[in-house]
Amino acid sequence: MTQGVRDLAMHSTIATYNNAQPPAAKQVCEVLAAAIDRSLAGAESKIWHRHPVWFLDGNPIVGYSTQKAGVRLMFWSGADFAEPGLNVVGKRFKDASIFYGEASAIEAAPLRRWLKKAKAIQWDLQEHRPQKGQAREGDLRLRSPIAGRRKVSTTGGTCATWPAN
């Protein structure tokens, strides 16, 4: 299967997810999916744990889910974005999120900024292996897609430079 065909299949599963949502949530999901696809061109997208998620090099970057409060847009490494519009809720990992009740509430400029940061600031969750179900501070490595540039964690995690491709 070629990359384009595989991407189309993955996107069709996300479209199926979006179409299954109530009307207001469906509109939010469609706007978010389009913005994420534009900003993370080349990212793998699929339904993961029953929700649309985008990955870079196997690492979850951003995804969304429909919940009672609205559509939750979550950034797996969002705690280190230092963005006032994102709520840091992750204790075990470094995630941050925002809820949208309607598509008109999505502000394009902050969303683009967060997606740009999502590419630049990534905790290496793929390499993370908690012991006995417990994550420990320092278990997560910070990845940077910018070769030769080190990222410094503001939360005390171990830092590493992401190798050049």
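Begin by selecting strands β2 (51-56), β3 (59-67) and β4 (70-75): each of these supplies at least two residues of the lining of the largest pocket. The model on screen is predicted.

**The largest pocket**

Next, display the side chains that line this pocket: Trp48, His49, His51, Pro52, Val53, Gly63, Tyr64, Ser65, Arg72, Met74 and Trp76. By class, the lining comprises 6 nonpolar, 4 polar and 1 charged residues. The volume of the largest pocket is about 190 Å³.

**The sheet**

Now extend the selection to the whole sheet. It is an open sheet of 6 strands, ordered β1-β2-β3-β4-β6-β5, with antiparallel pairing. At its edges stand β1 (44-48) and β5 (87-88); each has a single partner strand, so one side of each is left without a neighbour in the sheet.

Within the sheet, select β4 together with β6 (residues 96-100). These two strands pair in the antiparallel sense over 5 bridges. To locate one bridge, centre the view on Phe75, whose partner in β6 is Ala96.

**The cavity**

Select Trp76 again, since this residue lines the largest pocket and also the largest cavity. The other residues to display around the cavity are Pro60, Ile61, Ser77, Phe81, Ala118, Ile121 and Gln122. The structure holds 1 cavity of 30 Å³ or more, and the volume of the largest cavity is about 30 Å³. Its lining has 6 nonpolar residues, 2 polar residues and no charged ones.

**Helix α2**

Move to helix α2 (residues 23-39) and select Ala24, which lies in it. Is Ala24 buried or exposed? Ala24 is partly exposed, because its relative accessible area is 37%, which falls between the 20% limit for buried and the 50% limit for exposed. Add Gly101 to the selection: the C-alpha atoms of Ala24 and Gly101 are separated by 7.2 Å, although the two residues are 77 apart along the chain.

**Confidence**

Finally, colour the model by pLDDT. The mean for the protein is 77, and 67% of the residues reach 70 or more. Confidence is highest in β4, at 97, and lowest in strand β9 (residues 158-159), at a mean of 40. Two stretches merit a separate selection. Over residues 129-140 the pLDDT is below 50, and this stretch has 21 contacts in the model beyond near neighbours in sequence. Over residues 144-165 the pLDDT is also below 50, with 47 contacts in the model beyond near neighbours in sequence. Where pLDDT is low, predicted coordinates should not be read in detail.

Definitions and conventions: Residues numbered from 1 in each chain as written. Predicted model: local features only at pLDDT ≥ 70, side-chain atom pairs only at ≥ 80, totals over all residues. Heavy atoms only, no water. 1 Å grid on protein atoms, 1.4 Å probe; cavity = no way out; pocket = protein on both sides within 12 Å on 5 of 7 lines; lining within 4 Å. Points joined across faces, edges and corners; volume = space filled by probe spheres on them. Helix = DSSP H or I, 4+ residues; strand = E, 2+ residues; numbered from the N terminus. Nonpolar A, V, L, I, M, F, W, Y, C, P; charged D, E, K, R; others polar. Buried < 20%, exposed > 50% of the residue type's maximum accessible area, 1.4 Å probe, protein only. pLDDT = per-residue confidence, 0-100. Contact = heavy atoms within 4.5 Å. Pairing = 2+ DSSP bridges.
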